[in-house]
Amino acid sequence: MGIGMRSVYWVEVLRLIPTADHLDRAKLDAVLGWFDPEDLSPLQPLIATSDPELNLYLLDGHCRAWALWATGVEMAPIVVRDGVCPSRLSELPRDISSLPIL
């Protein structure tokens, strides 16, 4: 499915539950090198999935989500992917602000 055929939703960044256990310093530095909170046009939508309770789990874009949060941008563009749900739900951090940077 091409990007023009996906529905992009804007949700609160802190509503996204990370599925990663940390942020990679090199990847985060690369994102921060181009990220501009005043111009979100180059920002690709983050990839998420949801469960029956409509929790949103971040599958791809953890560094971009962190950049949004750290610069005070409250809303993130996401695409929701069906049929993928994390298996270790109880071990996941509750939001992007709690991920360690390694």
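How many bridges join E1 to E5, and in which sense do these two strands run? Four bridges join them, and the two strands run antiparallel. The legends below start from the whole chain, which is a predicted model, and then turn to its parts.

**Figure 1. The whole chain of the predicted model.** The secondary structure consists of two helices and five strands, and a reader who follows the sequence from its start meets them in the pattern β-β-α-β-β-α-β. Of the 102 residues in the chain, 38% are buried. Among the contacts in the chain with a separation of 6 or more, 82% are made by residues that lie 24 or more positions apart.

**Figure 2. The sheet and its edges.** The five strands form an open sheet with mixed pairing, and their order across the sheet is E1-E5-E3-E4-E2. Strand E1, residues 9-12, and strand E2, residues 16-18, stand at the edges; each has a single partner strand, so one side of each is left without a neighbour in the sheet. From one strand to the next, the twist averages 55°.

**Figure 3. The pairing of E1 with E5.** Along the antiparallel pair that E1 forms with E5, four bridges can be followed, and tryptophan 10 is found opposite proline 77, which belongs to E5.

**Figure 4. The pairings of strand E3.** Strand E3, residues 46-50, pairs with strand E4, residues 56-60, in the antiparallel sense over four bridges, and within this pairing alanine 48 has leucine 58 of E4 as its bridge partner. With E5, strand E3 pairs in the parallel sense, over three bridges, and here leucine 46 stands opposite isoleucine 78 of E5.

**Figure 5. Helix H2 against the sheet.** The pairing of E3 with E4, antiparallel and with four bridges, belongs to the sheet on which helix H2, residues 62-70, packs. Helix H2 touches E2, E3, E4 and strand E5, residues 75-80, and the direction of the helix makes about 120° with that of E4.

**Figure 6. The largest pocket and its lining.** Rolling a probe the size of a water molecule over the atoms shows where empty space is left. The largest pocket has a volume of about 180 Å³, and its lining is made by Ala20, His22, Leu23, Asp24, Lys27, Val31, Gly61, His62 and Cys63. Helix H1, residues 25-34, and helix H2 each supply at least two residues of this lining. Sorted by kind, the lining residues are four nonpolar, three polar and two charged.

Definitions and conventions. Residues are numbered from 1 along each chain as its sequence is written. This is a predicted model: local features need pLDDT of at least 70, side-chain atom pairs count only at pLDDT 80 or more; totals for chains, interfaces and linings use all residues. Side-chain values use heavy atoms; hydrogens and water are left out. Two strands pair if DSSP finds at least two bridges between them. Axes are lines fitted to C-alpha atoms, for helices over the stretch in contact, and angles run from 0 to 180 degrees between N-to-C directions. Contact means heavy atoms within 4.5 Å. On a 1 Å grid over the protein atoms alone, a cavity is a set of points where a 1.4 Å probe fits but cannot get out, and a pocket is an open set with protein on both sides within 12 Å along at least five of seven lines; lining residues have an atom within 4 Å of a point. Grid points are joined across faces, edges and corners, and a volume is the space filled by probe spheres set on the points. Ala, Val, Leu, Ile, Met, Phe, Trp, Tyr, Cys and Pro count as nonpolar, Asp, Glu, Lys and Arg as charged, and the others, Gly among them, as polar. Buried means under 20% relative accessible area, exposed over 50%, partly exposed in between (1.4 Å probe, protein chains only).
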